[in-house]
Amino acid sequence: MNIKAKKEVTREKFAHFLEWLDPDSERAGEEYERLRFRLCTFFAQRHCAFADELADETINRVILKSSEEPIENKIAYCYGVARNVYRESLRKERIHLDIDEVDIPAKPPEEQTFSNECLDQCLEKLPPDSSALLLEYFSEAKQAKIEMHRRISQRLAMTQTALRMQIVRAKQKLKICVQECMS
């Protein structure tokens, strides 16, 4: 019973807390409101559902501690307690997960296997210069690929950026054709 009495916030402990915030009673009330607002903001920024309740819990813990021993840096201590209260709230949220609120994602649709036949048909449908350019553009790898792109852009008298844009447009047409062919 004595332990429980020690853990409760009484009028005397609250008065001591206000005096701890500021010896002037009017300014102590303002400091209390400012502290509570800061704590509510602290919890709201962390997307806590019950920021007011967590701020009150933090203040209650600080009241109990400030009545037991002296605390040097009041604001830093309050934020330290707030961080602990926040961590506890996260643990409680994990424990109380409502299974009815959990959405189980559906299995992703199976992708169709790539068809070389569709690719060949679609390459034939493209203008001959576009299909030849695509095949040449993707014919090399690594350093040889870079050199190949430089030679193609010089041969066609265009910048490498313009060449890339031409390839992107041809690839888009090819992709649409292949997707239509496979479906």
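This text walks through a predicted model, from its overall fold to its disulfides and pockets.

Start with the whole chain. The protein has 9 helices and 0 strands. Read along the sequence, the pattern is α-α-α-α-α-α-α-α-α. The protein has 183 residues, and buried residues make up 26% of them. Now take the contacts with a separation of 6 or more. Of these, 56% are between residues 24 or more positions apart.

A good place to enter the structure is helix α6. This helix spans residues 116–125, and its buried residues are C118, C122 and L123. They cover an arc of only 135° around the axis, which puts them on the same side of α6. A general rule of helices helps here. An α-helix has 3.6 residues a turn, so residues three or four places apart point the same way. The other side of α6 looks outward: N116, E117 and E124 are exposed there. What lies over the buried residues? The cover includes α7 (128–137) and α9 (160–182).

Two of those buried residues are cysteines, C118 and C122. Both take part in disulfides. The protein has 2 disulfides in all.

Take C118 first. Its disulfide partner is C181, with an S to S distance of 2.1 Å. C118 lies in helix α6 and C181 in helix α9, so the bond ties together parts that are 63 residues apart in sequence. The torsion about the S-S bond of C118 and C181 is about -75°, so this disulfide is left-handed. Are the two ends buried or exposed? C118 counts as buried, at 7% relative accessibility. C181 counts as partly exposed, at 28%. The cut-off explains the split: buried means under 20% relative accessible area, and exposed means over 50%, with partly exposed in between.

Now take C122. A disulfide joins C122 to C177, again listed with S to S 2.1 Å. C122 lies in helix α6 and C177 in helix α9, so this pair ties together parts that are 55 residues apart in sequence. The link of C122 and C177 is left-handed, with -85° about the S-S bond. C122 is buried, with a relative accessible area of 2%. C177 also counts as buried, at 13% relative accessibility.

How do the two bonds sit relative to each other along the chain? Count the bonded cysteines in order, and the disulfides follow the pattern 1-4, 2-3. The 1-4 bond is C118 to C181. The 2-3 bond is C122 to C177.

Two further cysteines deserve a look. C48 counts as buried, at 11% relative accessibility. C78 counts as buried too, at 2%.

Next come the pockets. The largest pocket has a volume of about 270 Å³. It is lined by 13 residues, and those closest to its centre are F50, L54, S89, K92 and E93. Which helices build this lining? α4 (51–68) and α5 (74–95) each supply at least two residues. The largest share comes from α5, with 5 residues. The lining of the largest pocket is mixed in character: 5 residues are nonpolar, 2 are polar and 6 are charged.

The second largest pocket holds about 160 Å³ of space. Of the 10 residues that line this pocket, the closest to its centre are L119, L123, L134, F138 and L174. Here α6 returns. The elements that give two or more residues to the lining of the second largest pocket are α6, α7 and α9. The largest share, 4 residues, comes from α9. The lining of this pocket divides into 8 nonpolar residues, no polar ones and 2 charged ones.

Put the pieces around α6 together. The buried residue L123 of α6 is among the residues closest to the centre of the second largest pocket. α7 and α9 help cover the buried residues of α6, and both also contribute to the lining of the second largest pocket. α9 carries C181, the partner of C118, and C177, the partner of C122.

Key
Residues are numbered from 1 along each chain as its sequence is written. This is a predicted model: local features need pLDDT of at least 70, side-chain atom pairs count only at pLDDT 80 or more; totals for chains, interfaces and linings use all residues. Side-chain values use heavy atoms; hydrogens and water are left out. Buried means under 20% relative accessible area, exposed over 50%, partly exposed in between (1.4 Å probe, protein chains only). The arc is that of the directions from the helix axis to the C-beta atoms. Contact means heavy atoms within 4.5 Å. On a 1 Å grid over the protein atoms alone, a cavity is a set of points where a 1.4 Å probe fits but cannot get out, and a pocket is an open set with protein on both sides within 12 Å along at least five of seven lines; lining residues have an atom within 4 Å of a point. Grid points are joined across faces, edges and corners, and a volume is the space filled by probe spheres set on the points. Ala, Val, Leu, Ile, Met, Phe, Trp, Tyr, Cys and Pro count as nonpolar, Asp, Glu, Lys and Arg as charged, and the others, Gly among them, as polar. A disulfide is a pair of cysteine sulfur atoms within 2.5 Å.
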